[in-house]
Amino acid sequence: MATSKVTPDADEIVSEIHIAAPPERVFQALSDTAQVLRWWGQQGVYRCTKFHADLRVGGEWRTEGIGQDGHRFVAAGEYLEVDRPRLLVYSWVANWTGEVKTTVRWELEPANPGTLVRIRHSGLAAHPEVAQSYKGWPRMLGWLRDFLDRGETVDDRKPASAN
């Protein structure tokens, strides 16, 4: 199960999960278009329908999808750090939070066996009104783990109302 906490200064949400796959495999699932579309989402929550990644410092990434309410969403940004297979950092701007720019940092630590996956979403203290929008990281980490550990895809996953 994923854990999650907000730092004392309320600037960062930190979520963690252990995944049986090695760091390189986790990194691939986070950055490869075909794989991201297979695991990131759940019927009744949201589903990513497009993903683009120019995986280099300064390169852009973008995801689009359909939310629970049937409306389209977009999140995009720029890669700030890429250190395969241990670190991926990018800016994050999502249409549901306006023009607020935050930072997402993926840390992949070898953990025998597998990987400790830690995601840090920061820059929230300056925008407390949007912090609530980012409480879903533990669920998303669970989707990633289920994809890597069991091969479960968005299409295999039970709809949210059936969980």
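Is Trp-96 buried, partly exposed or exposed, and what is its relative accessibility? In this predicted model, Trp-96 comes out at 40% relative accessibility, so it counts as partly exposed. That puts the residue between the two cut-offs, as buried means under 20% and exposed means over 50%.

Before going further into the rings, a word on confidence. The chain has a mean pLDDT of 93, and 99% of its residues get to 70 or more. Confidence varies from element to element, though: helix H1, covering residues 23–31, has the highest mean pLDDT of the elements, at 98. At the other end sits helix H3, residues 128–131, where the mean is 78, the lowest among them.

Back to the aromatic side chains. Searching the whole structure turns up 10 aromatic pairs. One of these joins Phe-73 to Trp-96, edge-to-face, with the ring centres 5.9 Å apart and the planes at 80° to each other. Phe-73 belongs to strand S6 (residues 72–83), while Trp-96 sits in the loop between strand S7 (87–94) and strand S8 (101–110), so this pair ties together parts that lie 23 residues apart in sequence. As for burial, Phe-73 has a relative accessibility of 9% and therefore counts as buried, whereas Trp-96, at 40%, is partly exposed.

Trp-96 also pairs with Trp-92, again edge-to-face. Here the centres are 6.3 Å apart and the planes meet at 75°. Trp-92 is buried, with just 4% relative accessible area. Phe-73, Trp-92 and Trp-96 are all members of a cluster linked by ring pairs. Tyr-46, Trp-61, Tyr-79, Tyr-90, Trp-106, Trp-137 and Trp-143 belong to that cluster too.

Next come the charged side chains. The count of salt bridges comes to 18. In one of them, Glu-24 meets Arg-84 with an N to O distance of 2.8 Å. This bridge links distant parts of the chain, as Glu-24 lies in helix H1 and Arg-84 in the loop between S6 and S7, 60 residues apart. Both ends are partly exposed: Glu-24 has a relative accessible area of 31%, and Arg-84 has 42%.

Another salt bridge brings together the side chains of Asp-54 and Arg-56, at 3.0 Å from N to O. Asp-54 counts as partly exposed, with a relative accessibility of 27%. Arg-56 also falls in the partly exposed class, at 45%.

Then there is the bridge between Arg-118 and Glu-107, whose closest N and O atoms are 2.8 Å apart. It runs from strand S9 (residues 115–122), home of Arg-118, to strand S8, home of Glu-107, and links distant parts of the chain that are 11 residues apart. Are the two partners buried or exposed? Arg-118 has a relative accessibility of 11%, so it counts as buried. Glu-107, at 13%, counts as buried as well.

Arg-118 and Glu-107 also take part in a network of salt bridges. Linked with them in that network are Glu-12, Glu-16, Glu-81, Arg-105, Glu-109 and Arg-120.

How values were computed:
Residues are numbered from 1 along each chain as its sequence is written. Side-chain values use heavy atoms; hydrogens and water are left out. pLDDT is the predictor's confidence in each residue, from 0 to 100. Helices (H or I, at least four residues) and strands (E, at least two) are DSSP runs, numbered from the N terminus. Rings of Phe, Tyr and Trp (its six-membered ring) pair if their centres lie within 6.5 Å; planes under 30 degrees apart count as stacked, over 60 as edge-to-face and the rest as tilted. Buried means under 20% relative accessible area, exposed over 50%, partly exposed in between (1.4 Å probe, protein chains only). A salt bridge is a side-chain nitrogen of Lys or Arg within 4 Å of a carboxyl oxygen of Asp or Glu.
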